[in-house]
Amino acid sequence: MKVLITGITGFAGSHLADLCLSRGDVEVCGIWRWRSRTENIAHCVEKFCMYECDVRDASSVRDAIEELRPDWIFHLAAQSFVPTSWRAPTESLTTNVLGQLNVFEAVKKLGLKTRIQIAGSSEEYGMVYENELPIKETNPLRPLSPYAVSKVAQDMLAYQYFMSFRLDVVRTRGFNHTGPRRPPVFVCSDFAKQLVDVERGKKSPVIRVGNMEATRDFTDVRDIVRGYWLALEKGKPGEVYNICSGQGRKISEVLDMLIELSGVKVEVVKEECRFRPSDVPVLVGDNSKFVKETGWKPLIPFEQTLKDLLEFWRKEE
Ligand code: GDD
């Protein structure tokens, strides 16, 4: 079987490539933009085929899919950082929505039977009230950022292509995930890197933070990509699935755990620039539909994920 991973050089994409390669029976292909950083896949890049392509360019997507003719596509290529979507909303919407449209149109026009996983997000739920928790797939979608709107659009586009053209699409709504290789703009990795810089004496013992009151449902990235695999192996065409642990944690609790694991003494300082125009207060998911249909469950405890994240930063130059 041949799989194509869009966004293979990214955080989740690189872990998914590791998972696919570890199976031994999967031919892995990835598309990458010529200026993308490739350090996440440096350890395994000779084991798969790489095709230069920008998802925003319809003809380049069509050429890539025509040449590779994958059985499955994991569509992970996206602008994934919420604050960037306020600073550059056009870029976020173009990459995320038109990028996906280009993949769909290529598969449709080539008449391929490819199964496609669409990586949606818990951010799609956005404003969730206490009496609506834990979040099921049937909860209303009330996005609170341009990024979240782009993910709702991707989700709806996938539904529409399934209904209109019977494109074999499975939609996942991944909740927060972290682990080694996570870029340091995202909260756990940002705090972990700051702590490691303090450990090394590279910075003063001050940790800079934003909104510590938000609650998020974290899963290890390696469990999440196993979920992506199962979504295509066992998920129903056209369906949508939450992938999450079901456990909510305040961001302040996550920082406390990291500080304890690191062992350094630090002062915590709030920085205005780290706050967002609107922040989703609480995202805690219900994974029962996905667990029932695929047998997935998270295997890596959150404390282990945070330890691995600290170790990752300790090994970086
Ligand atoms: N990044 C960051 N930096 N976030 C902070 C900080 C900080 O210094 N301090 C507090 N936070 C809070 C944010 O305000 C947010 O409420 C929470 O920590 C998580 O922020 P991020 O790690 O940036 O992730 P996100 O929840 O905005 O989005 C991530 O998860 C989504 C799934 O729910 C991304 O991975 C998205 O691509 C993904 O779809």
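Colleague: How many salt bridges are counted between domain 1 and domain 2?

Modeller: This is a predicted model, in which local features need pLDDT of at least 70 and side-chain atom pairs count only at pLDDT 80 or more, while totals for chains, interfaces and linings use all residues. Residues are numbered from 1 along each chain as its sequence is written, and side-chain values use heavy atoms, with hydrogens and water left out. If a salt bridge is a side-chain nitrogen of Lys or Arg within 4 Å of a carboxyl oxygen of Asp or Glu, the count between domain 1 and domain 2 is one.

Colleague: What separates the closest N and O atoms of Arg 222 and Asp 308?

Modeller: The domain assignment (automatic or from a database) gives domain 1 as 2-178 + 219-246 + 286-294 and domain 2 as 187-215 + 248-282 + 301-315. Arg 222 and Asp 308 form a salt bridge, and their closest N and O atoms are apart by 2.9 Å.

Colleague: Which helix gives the largest share of the side of domain 1 that touches domain 2?

Modeller: Between domain 1 and domain 2 there are three residue pairs in polar contact, both residues at pLDDT 80 or more (N or O atoms within 3.5 Å, one able to donate a hydrogen and the other to accept it; residues adjacent in sequence count only through side-chain atoms on both sides). On the domain 1 side, the largest share is three residues, from residues 82-87, helix H3 (helices are DSSP runs of H or I, at least four residues, and strands runs of E, at least two, numbered from the N terminus).

Colleague: Which domain 1 residues lose the most area to domain 2?

Modeller: Domain 1 and domain 2 bury about 1,100 Å² between them, 61% of it on carbon and sulfur atoms (accessible area, 1.4 Å probe, lost on putting the two parts together and summed over both). Three residues together make up 42% of what the domain 1 side buries: Trp 86, Leu 144 and Thr 178.

Colleague: Why is one side of two strands left without a neighbour in the sheet?

Modeller: Seven strands form an open sheet with parallel pairing, ordered S3-S2-S1-S4-S5-S6-S11 (two strands pair if DSSP finds at least two bridges between them). One side of each of two strands lacks a neighbour because each stands at an edge with a single partner strand: S3 (49-52) and S11 (240-243).

Colleague: Which residue stands opposite Cys 29?

Modeller: Strand S2 (residues 27-32) runs parallel to S3 and is joined to S3 by four bridges. Opposite Cys 29, in S3, stands Cys 49.

Colleague: Which peptide bond is cis, and where is Pro 134?

Modeller: The cis bond, with omega about -10 degrees, joins Leu 133 and Pro 134. The place of Pro 134 is in the loop between S5 and helix H5 (146-165).
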